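Reader: I have a structure open on my screen and would like to learn how to read its features. Could you walk me through it?

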Amino acid sequence: MKIGSMLWLPIDRNASTPLIRQIYLELRQQILQGMLTAGQQLPATRALAAQLGVSRNVVLEAYDQLVAEGYLESRAGSGTYVAAGAAWPVLSSQPISEPVSEPDPANWIDFRSGIPDLDRVPSKLWGQITKQVGAAAATEVFGYGSPEGRLELRSTLAAYLQRTRGVICQPDQIIITSGAAQAFGLVAKLLAAPGDTVVLEDPTPPEIRHIFAAQGLTVQAVPVDERGLQTEKLSAIPGPCFVLVTPSHQFPLGSVLTIQRRIELLEFARTTGCIVVEDDYDSEFRYEGTPVSSLQGLDPERVIYIGTFSKILAPALRLGYLVLPLAYVAACRKLKRLSDLHTSSLEQITLAQFIQAGHLERHIARMRKLYRQRRNVLRQSLLENFSDCVKILGDSTGLHLVADFKNIEFTAEAIQRIKQKHVKVYPVLNYAIDPNQHSQKVVLGYGNLSTDAIQIGITRLNQAIYSTASTIE
């Protein structure tokens with residue numbers, strides 16, 4: 001609609017955008033583009049409202065918003081004018097594009113590791129406890145919390161970890177984190193400065209390497225064998241700040257760090273003054289005997305212990321924790337506060353009650369039986385399809401195993417041909433720091449796969465490998 005000879009304000013009464021917003025956006029756009037120039041007087045609100053056929057209050061609110069943002073200025077007894085310095089050509093807005101469609105996951109079998117059975121997450125029970133917690137929570141729960149986490153959860157965790165993992169600690173030594181990833185970042189800031197050296201197992205997850213690289217740290221790799229970290233090679237590395245290990249179930253190879261090497265590692269730490277960081281990511285699910293005791297229990301003043309509930313319950317919870325020697329607690333609390341103030345208080349209280357009521361240990365017991373069955377099916381399927389051409393490693397614990405194939409190299413071409421069968425496997429080479437190792441091994445996760453899916457997936461893997469054996473041997 002034309003106002004005077006200069007101003008056009010198209011409005012659409014059928015649009016979902018309110019009329020106030022339409023007028024505001026149109027005037028704002030014309031000012032930014034220079035169509036309405038500095039010092040130019042706008043029509044009086046009553047006149048503009050009459051010509052647009054809208055309430056005067058609609059125009060008043062649009063003008064007021066533009067005045068508040070500096071586009072217009074109101075002069076007492078004179079009118080409303082375009083403010084100086086408000087012109088700034090901007091690109092026209094682009095329509096929101098449709099999301100790119102993902103491949104249908106129903107036809108894919110993904111052997112990704114570290115994913116628990118998401119269909120068996122106790123979501124109903126968790127929801128009931130969350131509702132009760134929210135209804136009964138004191139006012140202070142909805143305010144800012146302490147960076148180290150709720151005392152209810154830290155006290156519950158201290159007792160749980162001592163009972164189930166042999167971790168020796170008091171509640172004050174625990175800091176609740178938003179998953180294990182935040183815990184790794186805090187450890188890097190706590191123990192090291194840019195340029196310092198840290199020791200990682202080889203192979204190890206690339207995400208962890210990236211966290212430390214982002215802090216400017218230098219990574220030194222020490223290889224892993226069937227007895228865990230090769231501790232005899234540590235002496236060649238001068239002055240590391242810390243050594244990160246997965247002693248109860250090395251990721252991804254699955255070996256257990258023997259007591260002899262645990263002692264050698266702790267002696268190295270004491271001699272050099274460095275700290276050992278223990279990542280205990282899925283040790284609850286052990287299928288032969290009881291879970292392996294923590295390394296932290298051997299030397300609580302030299303070991304930082306990292307745990308997470310992502311593998312036990314669900315990754316979406318983003319709940320993890322650090323157990324620190326007392327000397328590091330105060331500094332780590334400060335770092336945690338700077339990171340995100342604190343982890344969700346309501347979820348912490350829910351988890352504390354979930355553990356206190358015995359739900360966590362019952363859930364672990366149920367899932368251990370289920371995962372053992374799936375592991376057994378995966379083992380049997382591998383042996384049936386590949387016979388003596390495959391060696392199975394690291395299957396005593398956790399949600400994955402490693403298959404070591406004879407005379408099969410898992411090159412990029414080989415993996416692509418396997419994907420053509422709608423199967424995803426994960427070469428150990430992707431985790432290796434030394435590119436000359438582990439090219440014949442793949443990581444096969446089974447936590448979130450049914451037994452039928454496991455059998456079908458291994459059959460497809462057999463077809464993919466043997467149909468392309470001449471190109472990947």
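Reader: Let's start with the cysteines. Is C274 buried or exposed?

Author: Happy to help, and keep in mind that this is a predicted model. A residue counts as buried when its relative accessible area is under 20%. C274 has a relative accessible area of 1%, so C274 is buried.

Reader: How many disulfides does a search of the whole structure find?

Author: The idea is to look for two cysteine sulfur atoms within 2.5 Å of each other. Here the search finds 0 disulfides. For C274, the nearest cysteine sulfur belongs to C241 and is 8.6 Å away. For C332, the nearest cysteine sulfur is that of C169, 14 Å away. C332 is buried as well, with a relative accessible area of 0%.

Reader: Thanks! Now the sheet: in what order do the strands of the open sheet run?

Author: To read a sheet, follow which strand pairs with which; a pair needs at least two bridges. In this case 8 strands form an open sheet in the order β6-β13-β12-β11-β10-β7-β8-β9, and the pairing is mixed. β6 and β9 (228-229) are at the edges with a single partner strand each, so one side of each has no neighbour in the sheet.

Reader: What does mixed pairing look like up close?

Author: Compare a few pairs. Strand β7 (residues 197-202) and strand β8 (residues 218-225) run parallel, joined by 6 bridges. Within that pair, V199 has Q220 in β8 as its bridge partner. By contrast, β6 (residues 174-177) runs antiparallel to β13, with 4 bridges between them, and I175 stands opposite L322 in β13. On the other pairing of β13, β12 joins in the antiparallel sense over 4 bridges, with G307 opposite Y321.

Reader: Which residues of β13 point one way, and which the other?

Author: Sort the residues of a strand by the way they point. In β13 (residues 320-323), G320 and L322 point one way, while Y321 and V323 point the other way. All of them are buried.

Reader: And at the surface, which residues form a nonpolar patch?

Author: Look for nonpolar side chains that are accessible and lie within 5 Å of one another. I259, I263 and L298 make such a patch, with about 250 Å² of accessible area together. L298 sits in the loop between β11 (275-279) and β12 (303-308). With a relative accessible area of 43%, L298 is partly exposed.

Key: Residues numbered from 1 in each chain as written. Predicted model: local features only at pLDDT ≥ 70, side-chain atom pairs only at ≥ 80, totals over all residues. Heavy atoms only, no water. Patch = residues over 30% accessible without salt bridge, like charges linked within 9 Å, V, L, I, M, F, W, Y side chains within 5 Å. Areas by Shrake-Rupley, 256 points an atom, 1.4 Å probe, with all protein chains shown as cover. Salt bridge = Lys/Arg side-chain N within 4 Å of Asp/Glu carboxyl O. Helix = DSSP H or I, 4+ residues; strand = E, 2+ residues; numbered from the N terminus. Buried < 20%, exposed > 50% of the residue type's maximum accessible area, 1.4 Å probe, protein only.
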